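Visitor: I should like a close look at a single helix in this structure, with attention to which of its residues are covered and by what. Please treat the matter in one connected account.

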Amino acid sequence: MKINWNYIKMFFLLVLVVGLFAFSSKKNDKRLVSSPEINFNGEDNLFITHETVSKLLIVNQGGAKNVPKETIDLNLLESALNSNPMIKSAQVFVDINGRLVADVEQKKPIARVEHSVSFYIDDDGNYMPLSTNYTARVPLVTGDVSKNDLQNVYEMAMKVKDDAFLRKHVTSIHQHKDKSISLRLRQCSFEVYVGGLEKLDKKINNLKVFYKKAFKEKILNNYSKVNLQFDSQVVCTKS
């Protein structure tokens with residue numbers, strides 16, 4: 001019987017490769033993890049600091065520095081970061097060099113509620129606490145506002161964020177007890193009464209037409225209230 005040495009060589013080569021891979025994998029698992037590396041995605045202004053994120057990682061892992069890679073619970077660390085009210089999402093992993101890396105996306109505030117307890121509304125319509133590290137320049141929200149019922153003011157704040165005219169001019173959003181909305185504009189003494197948020201695009205277009213005309217005629221300060229709740233007209237109350 002003729003022995004096929006090529007098959008035997010291939011078999012031993014395969015065993016050698018599998019053995020080296022297993023040895024490398026085991027050695028990699030035993031590698032000590034270095035200090036956490038924190039990356040913030042897409043934001044220059046930090047509401048939460050690198051130190052705070054690093055502390056969250058260390059506390060929840062019982063010390064995430066100089067411990068074997070195999071003992072790191074990455075799911076636990078991600079959950080700890082994602083439960084922080086400043087963080088929108090986080091991914092945690094150990095790279096090939098044994099560095100513990102956290103990629104963090106912060107929440108983005110679009111309005112600041114001034115109430116008994118002040119806080120931000122983020123761009124998903126959720127509560128976000130104020131930061132001692134950075135203050136966002138966003139419209140103030142006043143009036144009858146509850147942390148557990150933000151949908152109405154969130155819709156108005158998103159309209160302000162997404163509209164160039166409103167973003168430039170609106171300084172505050174006020175919610176009345178019946179959930180109707182009023183706005184205040186920069187360098188204008190009058191109240192803009194929006195009312196309910198139905199047909200909001202049309203109301204804002206009416207405001208733009210009025211503002212452009214009144215600005216050109218230099219009569220913006222002649223009014224105390226501008227009412228947008230009627231479909232086809234802007235009703236103004238003189239000072």
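Guide: What follows concerns one helix of a predicted model, and then a residue in one of the elements that cover it. The helix is H6, residues 200-216. With 17 residues at 1.5 Å a residue, H6 should span 24 Å, and its end C-alpha atoms are indeed 24 Å apart, so the expected and computed values agree.

The buried residues of H6 are Leu200, Lys203, Ile204, Asn206, Leu207, Phe210, Tyr211 and Ala214. Viewed down the helix axis, the buried residues of H6 lie within an arc of 155 degrees and therefore line one face of the helix. The general reason for such a pattern is that an α-helix has 3.6 residues a turn, so residues three or four places apart point the same way. On the other side of H6, Val209, Lys212, Lys213 and Lys216 are exposed.

The cover over the buried residues of H6 includes two helices, H4 and H5 (164-169). It also includes the strands E9 (181-185), E10 (191-195), E11 (223-227) and E12 (235-238). After H6 comes Lys218, which has a positive phi, near 60 degrees.

Among the covering elements, H4 comprises residues 151-162 and contains Asn152. Asn152 counts as buried because its relative accessibility is 17%, and the cut-off is under 20%. Leaving aside residues up to four places away in sequence, Asn152 touches Gln175, Lys179, Ile181 and Leu197. With Gln175, the contact is also polar: the two side chains meet at 2.9 Å.

Key
Residues numbered from 1 in each chain as written. Predicted model: local features only at pLDDT ≥ 70, side-chain atom pairs only at ≥ 80, totals over all residues. Heavy atoms only, no water. Helix = DSSP H or I, 4+ residues; strand = E, 2+ residues; numbered from the N terminus. Buried < 20%, exposed > 50% of the residue type's maximum accessible area, 1.4 Å probe, protein only. Polar contact = N/O pair within 3.5 Å; in protein donor to acceptor, adjacent residues only side chain to side chain. Contact = heavy atoms within 4.5 Å. Expected span 1.5 Å × (residues − 1). Arc of directions from axis to C-beta.
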